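The following paragraphs guide a new reader through the model shown below. The account begins with the strands and then turns to loops and the surface.

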Amino acid sequence: MALRYALLALLTAQPMTGYDIAKAFHSSVGHVWHAPDSQIYPELRRMEQAGLIEGTAIPWGTKGTKTSYAITPSGEAAFRVWMSEPLAYARDREPAHLRAAYFEWTDAAHARAQLEAHRAHFSELREQWQEQLRSILDHSHPVVARRLAIFPEREWKRIVAFKAFAYEGLVARANQEIAWAERGLRLVDEVF
């Protein structure tokens, strides 16, 4: 259900077509909640059926149309309720940590390769998250810029601060995972 609320969050800034929603999703919300297009489009249809969003056909090309979606008052109300509810945490599934707990069942080369891959993965994510953070802070992020354009300037600090806060947490997580992988690489050298 979190996908529904991630999509509603995007639509609180402005009406968008499905294509624009998917594009905005992958460049913003998708950093904290992954969903492929094959999940986004059916969810938009379900949200429309539930009255959370309203689709309007708009001309596209010479003969076609596409649908522009806008959040409804019911969608805004549902989003506010969701934002006010306590978060239900799921049990963690950490495949890299699970494997690390049983590295004695492999050799040093394979353990090292897994840890190097983990470090590389989180290094890449850290770069992406740092870029997102930078663009949030300087207001060049397209979704943030749209949001700032529709809200009064007195609300900008709050809008930017909480988005930056989310990405600062992601960068800190990446730093911790990189440090963990580096500690594991030193451990491989010590015990194998």
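In this predicted model, a convenient place to begin is Thr 17, whose bridge partner in β3 is Ser 68. This contact belongs to the pairing of strand β1, residues 16-17, with strand β3, residues 64-71. The two strands are antiparallel, and 2 bridges connect them.

Strand β3 also pairs with strand β2, which covers residues 53-60. Here, too, the sense is antiparallel, and the strands are joined by 8 bridges. Within this pairing, Trp 60 lies opposite Gly 64 of β3. Strands β2 and β3 form a hairpin with 3 residues between them. In that hairpin, Gly 61 adopts a positive phi near 70 degrees.

The next stop is a loop. Glu 85 is located between helix α4, residues 73-84, and helix α5, residues 95-100. Is Glu 85 buried, partly exposed or exposed? Its relative accessible area is 46%. Because a residue counts as buried under 20% and as exposed over 50%, Glu 85 is classed as partly exposed. Glu 85 and Leu 148 are 63 residues apart along the chain, and a distance of 26 Å separates their C-alpha atoms.

A further loop, between α5 and α6 (residues 108-137), contains Tyr 102. Which residues accompany Tyr 102 in a nonpolar patch on the surface? They are Leu 98 and Trp 105. Together, Leu 98, Tyr 102 and Trp 105 have about 450 Å² of accessible area.

Conventions: Residues numbered from 1 in each chain as written. Predicted model: local features only at pLDDT ≥ 70, side-chain atom pairs only at ≥ 80, totals over all residues. Heavy atoms only, no water. Helix = DSSP H or I, 4+ residues; strand = E, 2+ residues; numbered from the N terminus. Buried < 20%, exposed > 50% of the residue type's maximum accessible area, 1.4 Å probe, protein only. Pairing = 2+ DSSP bridges. Patch = residues over 30% accessible without salt bridge, like charges linked within 9 Å, V, L, I, M, F, W, Y side chains within 5 Å. Areas by Shrake-Rupley, 256 points an atom, 1.4 Å probe, with all protein chains shown as cover. Salt bridge = Lys/Arg side-chain N within 4 Å of Asp/Glu carboxyl O.
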